[in-house]
Amino acid sequence: MTDLRAALLRQIRAQGPISVAEYMTQCLLHPRHGYYATRDPLGQAGDFTTAPEISQVFGELLGLQIAQVWMDQGAPSHFALAELGPGRGTLMADILRATARVPGFHDALSLHLVEASAPLRAAQASRLAQFQPVWHDSADTLPDQPLYLIANEFFDALPIRQFLRQGNGWAERMVGAEGDTLCFGLSPAVPLDALTHRLDDTSDGQIVETRAPAEPVMEAISTRIMAHGGYALIVDYGDWRSRGDTLQALRAHRFDDPLAHPGAADLTAHVDFEALAQAARPLRAMALTVQGALLERLGITARTHALAQGLSGQPLADHLAAHRRLTHPDEMGHLFKALGLTHPHAPAPPGFDA
Ligand code: SAH
């Protein structure tokens with residue numbers, strides 16, 4: 001039995017079942033046994049792969065979009081370029097390379113990374129050393145400046161709670177124990193003010209997910225962009241509203257039972273973009289856009305062709321496969337969505353419908 005499973009069983013036996021959010025928090029962030037505390041989970045040897053690890057084109061196009069927004073907002077001479085959950089630093093390295101020739105952009109920026117994982121902070125440090133990044137434990141300490149922020153596959157890793165509708169009340173899905181096995185159960189149903197609006201679009205037996213830790217992050221972003229201008233670009237899998245049970249575990253690139261390997265599998269849940277946009281009010285949210293459409297509008301096909309000129313054989317095949325993976329509706333193109341947020345009076349960022 002893993003140490004974390006033993007610790008969770010002890011806790012549950014002593015104090016009763018825990019929420020899915022508490023379970024996710026322990027599995028992902030436990031200081032000694034947590035998934036992110038103990039490893040670099042990305043890439044072939046890890047458990048999952050993300051868009052920037054698939055192709056440099058992803059970060060290049062989004063970087064140029066961010067720089068365009070910065071210019072459209074008058075090119076503020078001091079701003080924070082920030083990333084939430086920068087992984088190996090690949091996305092930010094691609095953004096910085098692509099924007100190196102945008103006049104004034106690099107001189108004006110200071111780099112800020114919000115990261116919980118020590119192994120990943122080390123990877124970011126070696127990748128981004130020349131830009132002297134400042135690390136943060138939370139978005140609350142980002143500087144009081146114009147803020148240009150990106151987050152790819154960050155919010156899906158924040159803990160969710162799950163509520164099953166029963167009549168006009170909600171029973172919370174809990175993690176309990178049967179012998180030495182972790183198992184799901186339900187708390188008694190109670191009415192919940194926070195879910196009153198979901199009584200209109202759900203029926204008995206359906207599950208709704210909430211993600212409280214995302215709210216202060218969106219508020220911190222909103223405060224800075226309202227005061228000083230800027231832009232937030234959030235890319236993740238999910239939809240405008242949470243629907244059903246989306247808790248999932250990935251281990252060695254395969255789906256796993258979320259309770260089977262606590263601390264040794266990646267745990268995520270789909271992102272409810274409506275909840276993020278609401279927590280960021282009064283920022284203006286662009287229409288939620290599928291990743292494939294956003295990348296097409298930002299020129300992924302032309303950029304892919306340009307890079308293909310220098311390639312042949314397997315590297316060319318891999319390069320074209322990466323383009324397909326990022327954009328095709330059957331791959332990441334439709335499941336992943338992008339939410340753009342600006343000050344209500346700022347021009348719409350390229351690639352989005354206002
Ligand atoms: N954006 C990267 C990595 C995505 S994996 C990419 O696209 O490749 C999720 C990232 O969020 C990791 O860097 C992880 O360590 C970080 N993370 C997860 N939960 C976090 C939390 N609560 N606070 C800060 N960072 C967190």
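Here is a walk through this structure, from its overall form to the residues packed inside. Keep in mind as you read that the model is predicted.

Let's start with the whole chain. The protein is built from 14 helices and 17 strands. Its radius of gyration is 21 Å, close to the 20 Å that the globule rule gives for 354 residues, so the protein is as compact as a globular protein of that length. If you lay a ruler along the principal axes, the C-alpha trace spans about 60 × 45 × 35 Å.

Now consider what is hidden and what is on show. Of the 354 residues, 53% are buried. The surface that the protein exposes comes to about 15,300 Å², and 52% of that area is supplied by carbon and sulfur atoms. The chain also brings together residues from far along the sequence: among contacts between residues at least 6 apart, 76% join residues at least 24 apart.

A good place to look next is strand β5, which covers residues 147-152. How many of its residues are buried? The count is 6 of 6, so to speak a strand that is mostly covered. This cover reaches both faces of β5. On one side you will find L147, L149 and A151, and on the other Y148, I150 and N152, all of them buried.

Strand β5 also has partners to meet. One is strand β2 (residues 79-84), which pairs with β5 in the parallel sense over 5 bridges. Within this pairing, L84 has A151 of β5 as its bridge partner. Another partner is strand β10 (residues 230-239), which runs parallel to β5 and is joined to it by 6 bridges. Here Y148 has Y231 of β10 as its bridge partner.

From the strands we can move to the nonpolar packing. The largest nonpolar core holds 41 residues, and the members that touch the most others are L62 and L81. Helix α5 (residues 56-72) gives the most to this core, contributing 8 residues. Which residues does L62 contact, once its neighbours within four places in sequence are left aside? They are I150, L233, V235, L294, L295 and L298. One of these, I150, is a residue you have already met among the buried residues of β5.

The largest core is not alone. A second, separate core has 29 residues, and V114, A279, A280 and L341 are among them.

Methods: Residues are numbered from 1 along each chain as its sequence is written. This is a predicted model: local features need pLDDT of at least 70, side-chain atom pairs count only at pLDDT 80 or more; totals for chains, interfaces and linings use all residues. Side-chain values use heavy atoms; hydrogens and water are left out. A nonpolar core is a set of buried Ala, Val, Leu, Ile, Met, Phe, Trp, Tyr and Cys residues joined through side-chain atoms within 4.5 Å. Buried means under 20% relative accessible area, exposed over 50%, partly exposed in between (1.4 Å probe, protein chains only). Helices (H or I, at least four residues) and strands (E, at least two) are DSSP runs, numbered from the N terminus. Contact means heavy atoms within 4.5 Å. Two strands pair if DSSP finds at least two bridges between them. The radius of gyration is taken over C-alpha atoms; the globule rule is 2.2 Å times the number of residues to the power 0.38. Accessible areas come from the Shrake-Rupley method with a 1.4 Å probe; for residues, only the protein chains shown count as cover.
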